[in-house]
Amino acid sequence: MGKSYSQGLAVTDSMIVRQQRILPLKGEVKASEGDTVKAEDVVAVTMLPGKVVPLNLANKLGVTPDMVGNFLMVKEGDMITKGQVLAQTKGFMGMFKTAVKSPTDGEIESVSRHTGQALLREPRNPIEVRAFIDGIVVEVIPEEGVVVENRSAYIQGIFGIGNEITGEIACFISSPEEILTPDRIDESHKDKIIVSGELIPYESVKKAIEVGVKGIITGGINDQDLKKLLGYDIGVAITGHENVGITLVVTEGFGNIRMAQHTFDLLNKYNGHRTSMHGKTQIRAGVIRPEIIIPKAVTTASDGHDEAELPFLEVGKTIRVIRQPNFGKIGKVVAMPEEPKVVESETKVRILEAELEDGNCVLIPRANVEIIAE
Amino acid sequence: MANEQLTRIIATDCGSTTTKAILIEYVDGEYRQTVRGEAPTTVEAPLNDVTKGVINAVQELEELARMKYNNPAIRFIENEEIIIPRNGDVGSDAYVSTSSAGGGLQMMVTGVVAKMTGESAERAALGAGAIVMDLIASNDQRPNHTKIERIRQLRPDMILMAGGVDGGTTKHVAELAELVAAADPKPRLGQSYRLPVIYAGNIKAVDIIEETLKDKTDLIITENIRPTLERENLGPARDKIHDLFMEHVMQQAPGYNKLMSWTRGPIDGKLAHIDIMPTPAAVGNIMKKLNEEENIEVLGVDIGGATTDVFSVFTEDRVFNRTVSANLGMSYSISNVLASTGLPNILRWVPFDIDENDLRNMIKNKMIRPTTIPAKLEELVLEQAIAKEALRLAFEQHKEFAVTLKGTQKSREISEAFEQSTSGATIVNMLTLDLLVGSGGVASHAPRRSQTVMMLIDAFLPEGVTRLGVDSIFMMPHLGVLAEISPQAAIEVFNKDCMIYMGTCVAPVGKIKPDKIALTAEIELPGGEKWKQEIPFGEVRLIPCPVDTKAKALLKPGRGLDVGAGKNQELETELYGGVVGIVLDTRGRRPFVLPVEAGARVPLLKKWMRELDIYPAEILK
C-alpha cells in the first residue's frame, strides 16, 4: 500500500473558482450568462416574506370559529394597514359592537374557519445577493441565482468567523512566523485585509477593529482570545454570522502555528490585490471552510475546469503534522510502512515515516498529517 | 446452514467523520467478520461525494484481504464500483450500508401537548434514527409568531405532526397545521422539492389537515401515533419516516444516489436493492435483538464524532427508547461538550495538571480536524475525560426522555398508592439493568479495554450488579442493516466477533463515611480460587475473571447501602467474567461525589486508575 487518501486544504496560485450565489427563496436573477461582474454587483434579488402575525378573531369577537366569516371586513389577499378594522360584530341594535383592529401593516394571508385564526403577513423585505468575486457569470439558475467563475489564487482556511468581505491584502510581515503586534497596525490599514504569522494576539484584533481593518488572515489564534472576542464559547462550529466588526480566517489552527510557507508566499505575492474572503465555517455535515479568493484578470473559463483531485499520501509528498507531538511541523514522507504500529498512547494505527524540516525522522499516525501544496 | 448465495458480504457505515468497511465471510460453517478497513468520509468539498470514501475504505478492505489470504487475485472493486455478485475471488454477494453522514436525518415534530402527543412524536422520530431539531406544541409557551419563525428557520428534512387522540378535539391540531402552512417551510437540501410532512394525529382532523397543507407541502397521512392516551402506535409513522428518508433526503445528499444503486444483495433468490439505513436505526435493531435473545434489560451507547446515541430496553414490557444528543460527540461536536459541561467537569477526570489555554486549543484543533487521533498519552487521557462527560450528558438526556406515558390514568392497589411512581417517571433503573454496552470510536478503539470499562462506569454509574460489554471494533451499525437480509449472519457475527464482554461491575448504592466498610465480597472464581475482602467506602478493586466464565459471589453491602437485594440485604449471585474482569466499585452512588480540590481528587483518580490498570504507570506516578 504505497499511498492512502488524506484530507487537506486547497492552497493554489491558480485555479478556476466557481461560486454559486443563490437566494434563500426563489426570486429574480439580475445577471445574464456571460456578464462580467464585480464582487459588489447585485446578481439576484427576492422579497423575503414578512413575519406572520397570528390573530385569533373568534376569541376576540367572542364567536365560534365557523361564524368568523360573517363578521369579516376584509378578505384573504387584501392589503391592510395598522389600526384598520378587520372584523366587527353587528352588536345589539347597532350598538355594543366588537371590532378587531390590525396590529400591523401587511396583508391578510388566511382566515381559518376551523380555528377562527387570521394570519396577517407583515410587508415583505428585499434581500439581495451579490457576486462576491469579480468574474464571469457562467450559469444562471432560473429564479434562484447564478454561478460566477474566475481564475484565481485560492486559499482555503481551516476556521474563521465573520461574513463576506472584499478588500486589498496588506501583507507586511517578513516571515510566516512573525506575529503582528498591535503597534504595527495603523490608520493606513483601514478597509484592508491584514496578515499575521503564527498567531494573532487578542490586542492586535482589537486594534484592527478600531482602525477599521476589514479582515485578518492568520496562521493561528488562541481559543481563549476567540472566546474573549466573541463573548461566548463556540460549541457547534457553525460560524460566519458573527458581528464583531471584522472577518477572521485562520489558515492552520488553534495555538501558535506557523503559517504554511506556500500560503504566506501567495499572500506576499498578491500583496495589494483585491481579494474576496469569508469566515464561514461549518464543521458538520456538508463541511464549509473559509475561503480567500484573489481573482486574476477576468478570464473566461475556456481553459477548462480544474478537476478536484483526491489528495493521496505517498512517499515524497510534503505534509504538515496536525496533532501533537510535532504539531505544525512540516516534513516529507519518506516511508509508508504497511503494518500498523503502536504509538505512545498505545493506539495501534497505520503510520508513515517523515523527515521533518529540522532533519529529524519521526513516525506519525497517517490520520495526523495533511498534505500541503508545494 | 448459510444462504448459499451469501458467502461474502461487504458492509459499510458512512459516519460523519470516518467510513468504516467490514468484510463478513462464511468460513468453516459459520459467518465471521474477517477484515476491516476505513477511510475519511468524503462529504466535504472539493470531493462532495460519499462514494469516494466508501471506495477508499473498501479498497483498504481489499488490500488487507489479499494480505490475510496471501491471494493477490482477491478483488472487490472494478471501475470505482463494488462488484456484485461474487465470482470466485472477485466480488461479493451483497453490499449493505448505513449512514449518518450528511447530518443524518433532521426532523421537526409537532404535538398538541408537549409531554404527551409531542413526546410520542419525538419518540417515533428518534426511533426511526432522526435528530429532532425542535418540538413545537400547542402548549409550549412560545407565542405563535415565534413558533412560525422557528419552523421557517429550521429547514428540517421533514416534519412529523402528531396531536390529539382519535375522535378528540380537532381545534389545536388544526391550529398547528395553520402555523406550519404559514411558515411555508423549505427543506434543508434542495429548493426543488416540497417539504415532506407526515400527519399522524387525530383521525377526525385529516380533512382539515389536507385542506391546510396539501398545496404547500408533500403531505402524507398515516395512522395516529397516540390513538388513545393509554396507547402509543409508533410503527406506521416510523415506517413512513424511513421511506421518506430514502426517497427525499438520501437522494439530495452528495453522492448518495450512486451509493443507493450499489447496495444490493440476494433477497428470495434474486439480486435486489437493499435500503441504506440511518446508523442509529441499525444500532437500535441490534439492541432490540439483544434484548429479545437474552431477555435482559439493556442500555447501550454509540458515541460518534458528531452525535451520541443512547438506547435502552427496560421493564417487562420491553420498552425501547432511543435518544440522540445531536451536539455531543468526540470530533465535530467535541467543542460543544466543553461548552455544555464546562472545563472543571472535564478536568475532574484528569490525573495531572494541564494549562487551560493548551486544553482549549487542543479541543478546538480536534474539532477543526476531526479525523486526527491522540498519539500522545496525555491527549488520550484528555479525550477519554471529555468522552466521560459527553456520555454522562447524553445519558442525562436519555433518562429524562425514557419515561412512562404521560397523561394516563392507572388503577392502583392500595399498596401502590404509597409509591412515588407516577406517569411520566423515568423507566431507566440502573439497579435492575443487566447489561451496559459501549460502541463508537472512543469506546471501541480505546487501546486498553479497561479504559472503556472506566469510561462506562464513570459516565453511567451502574448500580448493583451490571455486566459490561463493548462493540469490538465498532460494527453494530453494519450488523443492524445486515440483519435485514440475513439475521443468521448478523447474530453469528455479533456473538463471535462484535460483542466483547469486559466483565461485571458491582456497585453498592448509597453513601457512607470513607472509613466504613461499604462491601464485603466473597467470590469463588471458576478455578475454585476464593477471594474475600472487606472494602471500605471510596475504593475500586479489580478481580480478574476470564471471559465466558462465571464466579459465585456473596455480596454484603455496608450498613445503609443496597447492592441490588435491598438496603442492608446480602445478595448471592453469579458474576460474569470478561476481558477485564470483575470491578468492585465502592465509590458511592446517589450521590457519586468526587472531591472538588485537585489536591484531594488527583491522588484518588491515580489510585483507581492504577487499580484497574487504565494507563501506563509513568503517567500515574
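This passage describes the contact between chain A and chain B and then the nonpolar cores of the structure, which is a predicted model.

Let us begin with the contact itself, to which chain A contributes 69 residues and chain B 67 residues. Together the two chains bury about 5800 Å² between them, with 52% of that area on carbon and sulfur atoms. Charged pairs are also found here: 11 salt bridges are counted between chain A and chain B. One pair to look at in the model is A:Arg323 and B:Glu379, a salt bridge whose closest N and O atoms lie 2.6 Å apart. Polar contacts across the interface join 30 residue pairs, with both residues at pLDDT 80 or more.

On the side of chain A that touches chain B, at least two residues each come from strand E6 (52-56), strand E11 (117-121), helix H4 (223-230) and strand E20 (247-254). Strand E20 of chain A gives the most to this side, with four residues. By residue class, the side of chain A that touches chain B comprises 30 nonpolar, 19 polar and 20 charged residues.

Turning to the interior, the largest nonpolar core holds 115 residues, and those with the most contacts inside it are A:Phe159, A:Ile161, B:Leu299, B:Phe460 and B:Tyr615. Helix H12 of chain B (residues 377-401) provides the largest share of this core, 12 residues. Beyond its neighbours within four places in sequence, A:Ile161 is in contact with residues including A:Leu226, A:Leu229, A:Leu230, A:Ile234, A:Val244, A:Ile246 and A:Gly279. Another core, of 37 residues, lies apart from the largest one and includes B:Val96, B:Ile274, B:Ala282 and B:Val481.

Terms used
Residues are numbered from 1 along each chain as its sequence is written. Chains are lettered from A and ligands numbered from 1 in the order in which they are written. This is a predicted model: local features need pLDDT of at least 70, side-chain atom pairs count only at pLDDT 80 or more; totals for chains, interfaces and linings use all residues. Side-chain values use heavy atoms; hydrogens and water are left out. Contact means heavy atoms within 4.5 Å. Buried area is the accessible area (1.4 Å probe) that two parts lose on being put together, summed over both. A salt bridge is a side-chain nitrogen of Lys or Arg within 4 Å of a carboxyl oxygen of Asp or Glu. A polar contact is a pair of N or O atoms within 3.5 Å; within protein, one must be able to donate a hydrogen and the other to accept it, and residues adjacent in sequence count only if both atoms are side-chain atoms. Ala, Val, Leu, Ile, Met, Phe, Trp, Tyr, Cys and Pro count as nonpolar, Asp, Glu, Lys and Arg as charged, and the others, Gly among them, as polar. A nonpolar core is a set of buried Ala, Val, Leu, Ile, Met, Phe, Trp, Tyr and Cys residues joined through side-chain atoms within 4.5 Å. Buried means under 20% relative accessible area, exposed over 50%, partly exposed in between (1.4 Å probe, protein chains only).
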